[in-house]
Amino acid sequence: MLLLACAAGPTRAEDAPALADGLIQVVGRARSETAPDFASVEIGIEARGATPAAALDATSEAARKVIALAAGFGVGEADIGTTAVTLEPVTRTVRQPDGSVTERQDGYRAANRVSLRLADMGRLGELMRRALDAGANRIEGVAFGLKDPEAAESAVRVAAMKDASAQAARLAEAAGVRLGRVVSIQSPPRIAIPPVLMAAAAPMRAKGRGGVPVPLVAGTIGASAEVAATFAIAP
């Protein structure tokens with residue numbers, strides 16, 4: 001994790017360092033960039049059939065293969081979950097001899113979506129590609145995250161408080177006074193959400209085995225914090 005005290009930018013009137021009524025008021029800032037430690041992906045299977053059972057059976061069989069594939073990649077049971085199962089009738093438009101159109105039933109469409117969370121992010125692209133061979137035809141989204149985001153939030157707030165203390169110490173020295181105890185601390189967290197790298201992908205079909213793994217770059221997850229702190233001036 002990389003922690004940085006933020007460089008001073010344009011100062012807002014409401015958070016400018018100040019000495020007033022025997023107090024020193026400052027705003028400390030810090031930010032961090034942390035490498036994610038897991039990746040998540042939602043893999044979907046969509047199929048059509050002449051009957052509800054035929055459509056649902058087709059998606060169920062492919063979903064079982066995707067789940068078995070994920071287990072082979074070391075994805076634990078707690079990191080595999082079904083997010084949606086749908087079944088609906090399909091209609092098609094038919095033009096009548098008199099020129100009018102009507103909708104007629106044309107089988108059924110079923111879908112099954114499975115969410116996977118993978119700690120070994122380097123294999124995520126291979127898992128996605130092999131899922132197509134297992135029968136998947138939709139990739140709904142890819143995201144990266146932290147198993148313990150609270151740790152990153154806590155670390156960046158601590159760094160912001162250290163920045164506030166350093167500012168207050170410099171102001172006290174410049175003013176020729178001694179820095180006293182902390183009177184108040186306010187620290188609203190500001191945690192940046194990592195971007196989703198792939199979402200609402202179009203249906204994909206595997207053309208054969210041994211395809212190229214999907215290239216993915218995890219990047220980093222940013223977090224920032226501000227701490228408004230008030231210090232007493234020691235007598």
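## Helix H1 and what packs on it

The cover over the buried residues of helix H1 comes from elements that include strands S4, S5 and S6 and helix H2. Bear in mind that this is a predicted model. Here are those covering elements with their residue ranges:

| Covering element | Residues |
|---|---|
| Strand S4 | 38-49 |
| Strand S5 | 80-95 |
| Strand S6 | 101-118 |
| Helix H2 | 124-133 |

So which residues of H1 are buried? They are Ala55, Thr59, Ala62, Ala63, Val66, Leu69 and Ala70. Around the axis they take up an arc of only 115 degrees, so they sit on the same side of H1. Turn to the face pointing away from that buried side and you'll find Arg64 and Gly72, both exposed.

The length of H1 works out too. The helix runs over residues 52-72, which is 21 residues, and at 1.5 Å a residue it should span 30 Å; the C-alpha atoms at its ends are 31 Å apart, so the two agree. After H1 comes Gly74, with a positive phi near 85 degrees.

Now for the whole protein. It has 3 helices and 11 strands, and along the sequence they come in the order β-β-β-β-α-β-β-α-β-α-β-β-β-β. Of its 235 residues, 34% are buried. Take the contacts between residues at least 6 apart in sequence: 83% of them join residues at least 24 apart. As for the surface, the protein exposes about 13200 Å², with carbon and sulfur atoms supplying 54% of that area.

Notes: Residues are numbered from 1 along each chain as its sequence is written. This is a predicted model: local features need pLDDT of at least 70, side-chain atom pairs count only at pLDDT 80 or more; totals for chains, interfaces and linings use all residues. Side-chain values use heavy atoms; hydrogens and water are left out. Helices (H or I, at least four residues) and strands (E, at least two) are DSSP runs, numbered from the N terminus. The expected span of a helix is 1.5 Å times one less than its number of residues. Buried means under 20% relative accessible area, exposed over 50%, partly exposed in between (1.4 Å probe, protein chains only). The arc is that of the directions from the helix axis to the C-beta atoms. Contact means heavy atoms within 4.5 Å. Accessible areas come from the Shrake-Rupley method with a 1.4 Å probe; for residues, only the protein chains shown count as cover.
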